[in-house]
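Trainee: I should like to take a close look at a single part of this model and then see how the rest is arranged around that view. Please give one connected account.

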Amino acid sequence: MSEKLALIVPEILLFITTCIVMITGQWPQRAVRQFTPWICGIGLIAAAGAATATPDAVGTLFPALIPYTKVIIAMVGLLLLLLLSGTVDRDIETDVDRGLKFNPINSNRGEFYAFFLFSLTGLMLTVSADDLIWMFLALELTSLPTYIMVTISTKEHKSREAGVKYFFLGALGAATFLYGFAMLYGATGTTNLAGIAQHFATNGISSIGMMGMLVALLGICFKIAAFPMHFYTPDVYQGAASPVSAMLAFVPKTAGFIAMILLLATVGWHAELGLPGEINALLWIIAAFTMTLGNALALIQRSVKRMLAYSSIAHSGYMMVGLIAGPGQSGDPFWRNGIAAVLFYLLCYGVMTTGVFAVLSAIEKRNGQEADDIDDIRGLCKSYPALGWVLVICTLSMLGFPPLLGFIGKFGLFSSGVSSGNIGLVVVLGINSAIAAWYYLGLIAAAYLDSPGDSVSTVTASPFVSRKIAGVISAGCVVLLLVFAQPLIEGARNAAALSPATPNAADHAPLAPDPRHDEDH
Amino acid sequence: MSMEVIQLGLLMDLPILAALLIAFVGKPKNAYKIALITSLITVLPMLGLLASFDWSHGDQYQFAWSLSWLPDLGLNLSIGVDSVAMLLIALSVLLGPIVVLASKRAIIENRKMYYAWLMVLQAAMVGVFASRDLLLFYIFFEFTLLPMFILIRVFGSTNRVAASMKFFLYTFTGSMMTLAGMVYVVYFVSTQTGVWTLDIATLTHHAGAMSLTEQTWVLAALLAGFAVKVPLFPFHTWLPLAHTEAPTAGSVILAGVLLKLGTYGIYRFAIPLAPNAFYEYAPAIAVLAIIGIIYAGLICWVQTDIKKLVAYSSVSHLGFCVLGLAALNVSGFSGSILYMLSHGLSTGGLFLMIGFMYERYHTRDMRQVAGLASKMPVWATFMVFFAMASVGLPGLNGFPSEVLCLISAFQSDAAWSAAGEPGAWGSTLGPWFAVFAGTGMVIAAMYLLYMVGKICFGPLVEPKDHGHHGDPIPKDLTAREITSLVPLTAGCLFFGLQPTILLDAIEKPVNATVNLVEHSVESMNASNEQTDFNIIAEGANP
């Protein structure tokens, strides 16, 4: 028990912070209220510190996964915090400025921060998950707060619509993977992931176990916004306030990918054949469709947030290449380890996408509405040079333009895909990167090369300095991490090292189980 | 770090510094001066390098330096040059001041942006040739797209947005495939040697062990990027548009250096990394090159837009370059590399001349101007000179390289290999290839002479509305413009009269590459014969 507790110290710290934040956010004195984001930040830093000291999780499939992943979660979390702080406070504090008394009953000021931290807690718990039930609860803890955050992020109807849509489709997704989990339990008689792996390795993968795995993976596709569970993405991203959209692009996606990694590890990657045939085929199709659909639909968007939503779908498709490639043999280097590539790319993607959303949040139309149309960012480099350059650098990085961070991340996916023999998929990835260049270039050209035109009169800087800082930090990371990427890549490689003791079902020859074996259960 | 390595680094660092200075410190009116001074200063370390380069060991990487960057990806910052790369670097650096000089009057708005990106482009071009690391090469290779995209998109003429997009997307798509192919080679070599390395020399040493099927796919992937860049028919459609819309300096750099990245890529990577596949498919590649030569030449003949005419002539000329590479022998490679160096001078010169004319008349339409020799004799002299150089007049730069490429196609025939001609071991092409390619020279003479005759000679015709908008009356070339043309002229003469100096300089690396292909093809043939023998032997003893 105490060993398990030692693994979740960061989550415990975050949970304590959440409780404090919920109270201070509603405090009658404004000074205390305004200190709330700082408390969140302290909590996140403490969690990151605690995560570095986490011991290896003995007996799990990826023993060293926790420290690296939780640290990057906390770091991107800090960036997101800079972006999120002030989102709902603004209306309430404006009311107070107008002389209304602050009424904690009518305010959701504290909850907003609390839900953010809850969601991050859930994300970290997903990383620590060694059990199906734990994983389900953690995934839900990640998602449930985001439904509310979407809804309360603005006072407009579109946010409520987005929230409801997100909630119902999210419930569908959750039901789907819970169903899969149930089948996995039925097939193996245990909910422990290592136990499931052991069972698959000794008895082969029964057809119900395979079914359960496929259904669970499909359900989790909702979290990572992958085909065919991606339909909510553009509407929700557009309906939510830009900072919340940035969070949606990173937090549930990371949770989904970690869950997929842990689930796939139970069936294992065969040294030559990769994942078991059915799972490989499913993920292959999902990956190819996700990239292509995401990029093709992003091409025709005028709304920048919708474009980013579709690009978020496409990036999920890219990362699935790493999932299919798998971690290789224990001790394999970074370029072979697809899981390491995914972990590293999650960091890259989190930083880049936060940067772009930070720019969108840091400007607004003069009537107080969010900047969203591509015309709103036209000539941004002239009207607001810092923001404009952040947008240009982060978008170039998302495009995978060498030598920026996104390129290094994508190179990991390329090399793991090629060295695991999935060359067809790598070609699809390459073609998609080229398609994506079209709309990313449009964004870059609008911000940097076009003259401001009308947007000067319609767009103005929003009053939050922290969002600008978040953007500048993101762009700085995209450039500076190039020089200092080595420790991060090394961290990802260590984190994604499969435990040498892992029983590998895929190596176990009989993939087609004895039918009678199932009836016995 | 030796003195020479620092000089090589300066070739990249100085333009970057200048770009930062222009973008963040300088005033718009100083941008031109900073760019000009920097590009002139950059010539000094380049001359130093040319002097200290050991030409008798041109096949070895010299001024080598390496710094580990991302060990987990195998990425090193490793630079160094062999004689081919050294000469191409010299060409890129020399074009620097010329394009800056030529831009003074053409670029009036957004000068900071223009000169800053021009300097960045300058640094990236040197980086491409100086890389000894495959991924570093790729990074620089791709990076050249961005400055060029901006130069076309912001400073081009009417249709610039479409042209820049087409340019970027076409080349970017191709080079994603190139990246996949390169990664595959690296992976293959790592399975052979147990080490994940991006060092180009190591990769070329081991890549020949790939099976023919693997090599074919690798070749296809690499060519996807490089053939678009060259551009080889039928991937050439982006080039006329990009050339026509780009500002003069952009066209000069595009023709002078960026197109060579494609042929250089084929020479440096496609051939050594997939030697057997290249040997196998050389006739097909040569056919594409010849179609390009003839087809683009015929298109030139019917153009009325002079800039478009020169743009298509680039497609046609680069066909010779690829033909020489496809011949896979010493004269072919030498001719091709010579062509890479010399084509930039003459075509770059033509683009400059057209730019100067456009600044005066605001038209590039052949039907609106004629007989300019009487109005601008100096301009007309240079125009005729560069046109002749482009046609391939003996004594000027086009001639030796074109002739070498054609001869190589002849030599690359079974009859010649049997005769034991040095370097003519292969039998990829033959006389028919040379005959058809040779018609390209005739066509080139037709369209270029027709164009020159039309606009330089005959009765004077100027655009009808010319002078109505308060334009100053056109004067002949200014001292600044002549200064920018003199180095090109000198280069054309030098290349035409003393090609042997250059041929000697590149002899070693060319021989090494030919030997590599020869060795690889022979060992594959030998192993095939072995297999055949085994099959026969097994058939005999069931």
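Which residue follows H14(A), and what is the sign of its phi?

Mentor: The model is a predicted one. The residue that follows H14(A) is Gly326(A), and its phi is positive, near 75°. The helix before Gly326(A) covers residues 304-325 of chain A. At 1.5 Å a residue, its 22 residues should span 32 Å, and the end C-alpha atoms are indeed 32 Å apart, so expectation and model agree. As to its surroundings, 21 of the 22 residues of H14(A) are buried, and the helix is therefore largely enclosed by the rest of the structure.

The positive phi of Gly326(A) leads to the other backbone features. Most residues other than glycine have a negative phi, and most peptide bonds are trans. Two residues of chain B that are not glycine nevertheless have a positive phi. For Phe63(B) the value is near 55°, and this residue belongs to strand E1, residues 62-70 of chain B. Phe63(B) counts as buried because 22 C-beta neighbours lie inside 10 Å, the threshold for burial being 20 or more. For Leu328(B) phi is likewise given as near 55°, but the setting is a loop, between helix H13 (306-327) and helix H14 (330-361) of chain B. Leu328(B) has 28 other C-beta atoms within 10 Å, so it too is buried.

Cis peptide bonds can be named in both chains. In chain A, the bond from Pro402(A) to Pro403(A) is cis, with omega near 0°. Pro403(A) sits in the loop that runs between helix H17 (385-399) and H18 of chain A. In chain B, Phe233(B) and Pro234(B) are joined by a cis bond whose omega is about 0°. The place of Pro234(B) is the loop between helix H9 (212-229) and helix H10 (238-245) of chain B.

The loop of Pro403(A) leads into the contact between the chains, through H18 of chain A. That contact draws 29 residues from chain A and 25 residues from chain B. On the side of chain A, the elements that give two or more residues are helix H18 (405-419), helix H19 (423-449) and helix H21 (465-495). H19(A) gives the most, with 12 residues. By class, this side of chain A divides into 22 nonpolar, five polar and two charged residues. For the model, ipTM is 0.89 and pTM is 0.91.

Chain B can now be taken as a whole. Its secondary structure comprises 21 helices and two strands. A compact globule of 542 residues would have a radius of gyration near 24 Å, and chain B has 23 Å, so the two agree. Along the principal axes, the C-alpha atoms of chain B fill a box of roughly 95 × 50 × 40 Å. Of the 542 residues, 60% count as buried. Among the contacts in chain B with a separation of 6 or more, 80% are between residues 24 or more positions apart.

Chain B is divided into domain 1 (1-143) and domain 2 (144-540). The C-alpha centres of these two domains of chain B lie 22 Å apart. Their contact takes 44 residues from domain 1 and 48 residues from domain 2. On the side of domain 1, two or more residues come from each of strand E2 (75-81), helix H3 (83-103), helix H4 (111-130) and H5 of chain B. The largest share of that side, 13 residues, belongs to H3(B). The side of domain 1 that touches domain 2 has 29 nonpolar, eight polar and seven charged residues.

Confidence completes the account of chain B. The mean pLDDT of chain B is 85, and 93% of its residues reach 70 or more. Within chain B, helix H5 (residues 134-143) has the highest confidence, at 91, while helix H18 (residues 414-418) has the lowest, at a mean of 51. Over residues 418-424 of chain B the pLDDT is below 50, and this stretch has 12 contacts in the model beyond near neighbours in sequence.

Terms used: Residues numbered from 1 in each chain as written. Chains lettered and ligands numbered in written order. Predicted model: local features only at pLDDT ≥ 70, side-chain atom pairs only at ≥ 80, totals over all residues. Contact = placed C-beta atoms within 7 Å. Helix = DSSP H or I, 4+ residues; strand = E, 2+ residues; numbered from the N terminus. Nonpolar A, V, L, I, M, F, W, Y, C, P; charged D, E, K, R; others polar. pLDDT = per-residue confidence, 0-100. Domains from an automatic or database assignment. Expected span 1.5 Å × (residues − 1). Buried ≥ 20, exposed ≤ 12 C-beta atoms within 10 Å, placed from the backbone. Rg over C-alpha atoms; globule rule 2.2 N^0.38 Å.
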